[in-house]
Amino acid sequence: MPEITKTRKAVIFCCENSSLAVNAVKDTRLLEGFEQKVLPCSGKLEVGLILKCLEREHPFILVLACPLDNCKYLKGNMRARKRVDLANNICEEIGIGGGRVRMDYVSSLDAHKVERILKEVREQIQGGLI
Amino acid sequence: MSKFLIVGAGISGISAAEILARKGHYVEIIESTGAIGGKVNGYACKATDSCSRCGVCIANTSLAGAIRNSRIRTRTSATINKVINNHSLDVWIEQKNPQIDYSKCSFCDSCVNSCPVGCITKTTRGEFTQYIFDHEKCLLHKGKACSQCLENCPSGAVEINGAVSDMKISAAAALIAIGHENYDARNKVRLGYGRLENVFTGSDVEEILSHQDYLYRSGEDVAFIQCVGSRDPEAGRNFCSSVCCSYALRLARVLKYRNKDTKITIYYIDIQNFDKTFTAFRNELEGMGIDFVRGIPFSVERGRTGKLKVLVPDGGAVSSAEHDALVLSTGIAPARNSDRIADLFHLDSDESGFLSSPEKNIFVTGTCSKPLSILDSMTAAGEAVRFISGCGYGEAEIPEITPHETAFEVRDIPLRRDVLVIGAGPAGICTASALKLMGYPVTLIDKNNIKPEEDLAGVDFITGSELVSLDGSVGNFIADIKTPRGIMNFNFGVIVAATGTENNGNTVSKKGNIVSLDRLGEAVSARKRRREASAVAIVLDLEIDETRASTETALKTALEIQERERYQVFIFCKDMRVASPELERLYQSSRDSGVTIIKYSGRLSVEDDGSGVIIEFDDPYLNRRVVVQCIIAGISPGGIPQKADPALMKLLGITGDCYGQIQENNVHLFPAGTNRPGVFALGSCRGEHFGPQILLDAGAAARSIDELIAPGIIKVELSNVVVDQDKCILCLTCIRSCPSRAMIINSEKGCAQSIAEVCQKCGICVGECPAKAIVLPGYEDTKILESADDAGNY
Ligand SMILES: Cc1cc2nc3c(=O)[nH]c(=O)nc-3n(C[C@H](O)[C@H](O)[C@H](O)COP(=O)(O)OP(=O)(O)OC[C@H]3O[C@@H](n4cnc5c(N)ncnc54)[C@H](O)[C@@H]3O)c2cc1C
């Protein structure tokens with residue numbers, strides 16, 4: 001796997017609901033440098049997809065899912081959680097660092113929470129912490 | 001086709017409008033403010049990592065859908081001036097322009113960008129976007145002939161007809177849904193609202209937390225004061241507002257979650273049970289370190305340290321505490337102009353200001369009729385529509401379903417109109433009769449040989465019968481039912497489970513002095529009456545918190561026994577759940593008749609010693625362990641977790657919640673439905689025991705079923721998941737992981753396959769399939785990975 005460079009955008013995988021919160025982010029500058037990929041449910045996210053994004057030099061993967069007990073498909077968000085953990089473990093194992101995939105639970109109304117998360121991720125990437 | 005008028009564009013008015021429009025009616029909504037959505041607009045999502053089921057996101061989704069409906073016209077900043085209701089209902093209104101017809105609006109912001117004075121604000125919350133005009137700034141209202149927003153709107157959605165226009169609306173009936181105002185906390189001068197800094201109301205906090213993480217700084221010490229202006233006879237408000245415990249506990253949980261250092265105290269009288277997983281929720285809060293203190297502070301002053309000093313009654317004495325910020329949990333009070341609307345529409349108003357209508361073409365719903373939560377408001381709105389439709393106001397046109405543009409083939413799948421209802425308790429009987437009235441063939445089965453009191457004419461009622469196998473899917477279920485005449489095979493379009501719970505008899509003692517609450521009355525009668533007064537105990541909240549339903553039974557039983565000669569009834573409870581005006585009255589009259597209420601904390605033990613029962617508990621007032629002896633004790637089944645029949649759940653292919661009741665914890669997402677399309681559940685098998693609520697739920701279930709099967713077909717877009725026959729290894733993972741039971745094995749092809757009309761297109765099976773044999777059309781990996789090539793900019 002090539003070394004991760006910061007040449008590509010960080011990826012936000014989100015479900016249809018949490019994408020509403022991303023779309024409602026007031027300060028749109030926060031979204032610069034991020035690329036949003038909307039899935040019907042976070043449970044659709046596969047480990048392979050995460051790894052492929054990293055392989056394609058996307059420096060960071062942020063996964064947004066509905067809060068637990070609020071998934072329209074019951075437990076899609078719990079499945080996503082497991083896969084995110086697995087992806088991080090794999091990254092660690094192959095030596096590219098385990099902190100490249102982050103998952104948060106946000107509802108469609110949580111735009112302010114998304115803003116905070118985006119700021120934190122940006123700091124993390126800019127600070128070279130990954 | 002009829003036209004209906006709805007006054008108030010809160011969640012109640014909007015929900016009712018949406019249902020009427022779906023039935024093919026036209027609806028005009030008159031809203032006095034400039035915004036659609038009512039109070040809910042200012043509420044925060046109260047989820048941490050897990051949802052607290054506050055319902056705000058659901059309300060938003062509903063609002064977004066409704067305003068775009070072409071049969072619903074919402075007029076904002078509009079006032080009603082005159083109403084004449086003789087043979088027809090005529091209403092004269094005055095509206096401020098510009099107005100937006102959201103069924104035409106494409107939300108492109110051209111109006112916002114073209115306004116020369118910037119008087120249009122766009123607000124977006126979740127799916128719900130609207131434009132709000134500031135008439136103070138608007139040139140039109142300054143006498144200028146500005147119409148920039150109209151001219152620049154590409155879709156003709158903006159309407160201007162002078163600054164203010166008058167019009168007459170004639171309607172078949174009107175629904176009043178003007179909602180509530182928060183109780184004015186300034187009335188409680190000693191609690192400091194408006195007088196001391198950092199004293200907030202519940203709605204202030206909702207507002208603040210909807211856009212920031214903390215109240216006024218992080219690491220604060222916050223106290224919630226419950227029942228401000230509720231359960232307060234002195235203020236003329238002797239009823240529980242029923243929403244404050246729920247929002248306060250949820251807000252407290254969010255505050256604590258967002259900042260672990262926040263210290264939180266909740267001052268309360270009785271915490272109301274507001275949710276089917278309430279006990280787990282409250283335990284979680286206590287586990288987080290949130291302090292529950294019984295007693296409502298009566299005075300707040302700025303202390304010497306600069307903090308807010310509160311004085312709380314503590315047994316006979318007074319204790320004091322200091323906090324950085326206070327949240328006054330204010331309840332529901334009548335809407336500001338409720339008197340005017342009551343005059344115009346000839347409504348009745350009760351002593352607390354809640355409205356009802358004696359006129360047969362005027363209806364009232366939402367929080368202007370009684371305290372309701374968002375989800376309850378939505379259910380009540382549906383019930384109001386059922387009344388309105390029941391009054392026979394003209395035939396609705398069946399709205400044509402405008403197919404949304406899709407690249408996929410759309411197929412009509414025929415659907416049976418027969419309904420199976422399992423369980424002949426109140427919930428089942430109510431749904432069965434409602435569906436029968438709507439003209440559907442209904443089969444009602446019950447495993448016991450019972451004879452219902454209600455007239456079930458027309459319903460095919462088979463007693464002593466059980467479902468033994470089930471195949472097929474929504475619209476075409478194939479069921480084997482074991483009847484006294486042998487196994488019979490039926491076809492149904494829809495199945496309703498109303499099977500109640502397995503009665504948990506464990507608590508009833510062998511010696512016979514501990515009985516189930518419903519048998520307490522007769523058990524007391526069976527005993528010889530003694531000369532001196534005998535103590536009878538009713539024990540509540542034993543393992544989980546009581547609901548309104550079980551509290552109602554307990555209070556009624558207590559009152560009945562207390563009124564017999566020479567009995568003294570004690571009710572042992574953690575909290576008294578009286579979240580409805582009728583219950584508050586019942587509570588009052590049982591206390592008046594002499595029933596003694598004892599509130600305990602922690603665990604209570606009930607032992608049958610052969611001659612009577614011994615009850616031991618921690619008394620939080622006396623601060624010690626107390627032992628009480630009674631001749632007999634009735635245990636409420638509401639205080640013990642009740643499971644639905646697991647075998648039936650398995651047979652129906654539906655999942656349960658953390659108590660083993662039907663429906664997942666996220667029941668708010670499908671109020672009457674289950675994870676499996678075509679299978680519905682209601683009544684106590686899904687955790688609702690309160691009679692009035694069961695009736696509402698049964699109506700709601702009948703309506704959703706009607707909507708599903710009335711067309712006789714399901715239009716299905718064939719974009720469901722596709723399985724690659726060569727890759728599928730028949731491991732059954734997809735079948736196990738599908739939340740809606742859409743996957744089956746195609747034995748001819750030797751691979752898994754999805755059922756188009758069941759598949760919800762979530763893609764969970766795609767994510768789980770170890771062989772990568774499943775594809776969700778439109779979400780192929782290559783498509784997802786396509787990305788703009790421009791580099792990230794760091
Ligand atoms: C502080 C607080 C927090 C709450 N939090 C929650 C919660 O988290 N979850 C929950 O389920 N419930 C909550 N509730 C309850 C919730 O507010 C109600 O269930 C809900 O708002 C009821 O909706 P409604 O449409 O009946 O009334 P409203 O939301 O009050 O809407 C009524 C509408 O009618 C309009 N109107 C009034 N008078 C007129 C008139 N004369 N002409 C035309 N229009 C008029 C109003 O402007 C408004 O738009 C909370 C309540 C309070 C007080």
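I take a polar contact to be a pair of N or O atoms within 3.5 Å. With that cut-off in hand I turned to the ligand, keeping in mind that this is a predicted model.

**Entry 1: polar contacts of the ligand**

I looked up B:Ser377 and found one of its polar side-chain atoms 3.4 Å from an oxygen atom of the ligand, a distance that falls within the 3.5 Å cut-off. On the backbone side, I noted that a polar backbone atom of B:Cys54 is 2.8 Å from a nitrogen atom of the ligand, and that a backbone N or O atom of B:Ser32 lies 3.2 Å from a ligand nitrogen atom. I then checked the cover: of the 1000 Å² of accessible area that the ligand has on its own, the protein covers 96%.

**Entry 2: the shell around the ligand**

I next asked which elements of chain B give two or more residues to this shell. They are α1 (11-22), β12 (180-182), α5 (202-209) and α9 (374-390), and the largest share, 3 residues, comes from α5(B). In total I have 33 residues surrounding the ligand, with B:Ser12, B:Glu31, B:Tyr43, B:Leu372 and B:Ile374 as the closest. Sorted by character, the shell holds 13 nonpolar, 16 polar and 4 charged residues.

**Entry 3: domains**

I wrote down the division of chain B into domain 1 (3-179 + 335-389), domain 2 (181-333), domain 3 (410-502 + 643-714), domain 4 (514-639) and domain 5 (719-785). Why does the ligand lie between domain 1 and domain 2 of chain B? Both of these domains give residues to the shell around the ligand, so the ligand lies between them. For domain 1 and domain 3 of chain B, I noted that their C-alpha centres lie 35 Å apart, and that 11 residues of domain 1 are in contact with 12 residues of domain 3.

**Entry 4: a hairpin**

I followed strand β29 (residues 466-473) of chain B, which pairs with strand β30 (residues 476-483) of chain B in the antiparallel sense over 7 bridges. B:Ser473 stands opposite B:Asn476 in β30(B). The hairpin has 2 residues between the strands, and in it B:Gly475 takes a positive phi near 90°.

**Entry 5: backbone details in two loops**

I looked at B:Pro98, which has its place in the loop between β5 (89-96) and β6 (99-100) of chain B, and recorded that the peptide bond from B:Asn97 to B:Pro98 is cis, with omega near -5°. In the loop between β34 (534-539) and α12 (548-562) of chain B I found B:Asp541, whose phi is near 60°, a positive value in a residue other than glycine.

Conventions: Residues are numbered from 1 along each chain as its sequence is written. Chains are lettered from A and ligands numbered from 1 in the order in which they are written. This is a predicted model: local features need pLDDT of at least 70, side-chain atom pairs count only at pLDDT 80 or more; totals for chains, interfaces and linings use all residues. Side-chain values use heavy atoms; hydrogens and water are left out. A residue is near a molecule or strand if one of its heavy atoms lies within 4 Å of it. A polar contact is a pair of N or O atoms within 3.5 Å; within protein, one must be able to donate a hydrogen and the other to accept it, and residues adjacent in sequence count only if both atoms are side-chain atoms. Accessible areas come from the Shrake-Rupley method with a 1.4 Å probe; for residues, only the protein chains shown count as cover. Helices (H or I, at least four residues) and strands (E, at least two) are DSSP runs, numbered from the N terminus. Ala, Val, Leu, Ile, Met, Phe, Trp, Tyr, Cys and Pro count as nonpolar, Asp, Glu, Lys and Arg as charged, and the others, Gly among them, as polar. Domain bounds come from an automatic or database domain assignment. Two strands pair if DSSP finds at least two bridges between them. Contact means heavy atoms within 4.5 Å.
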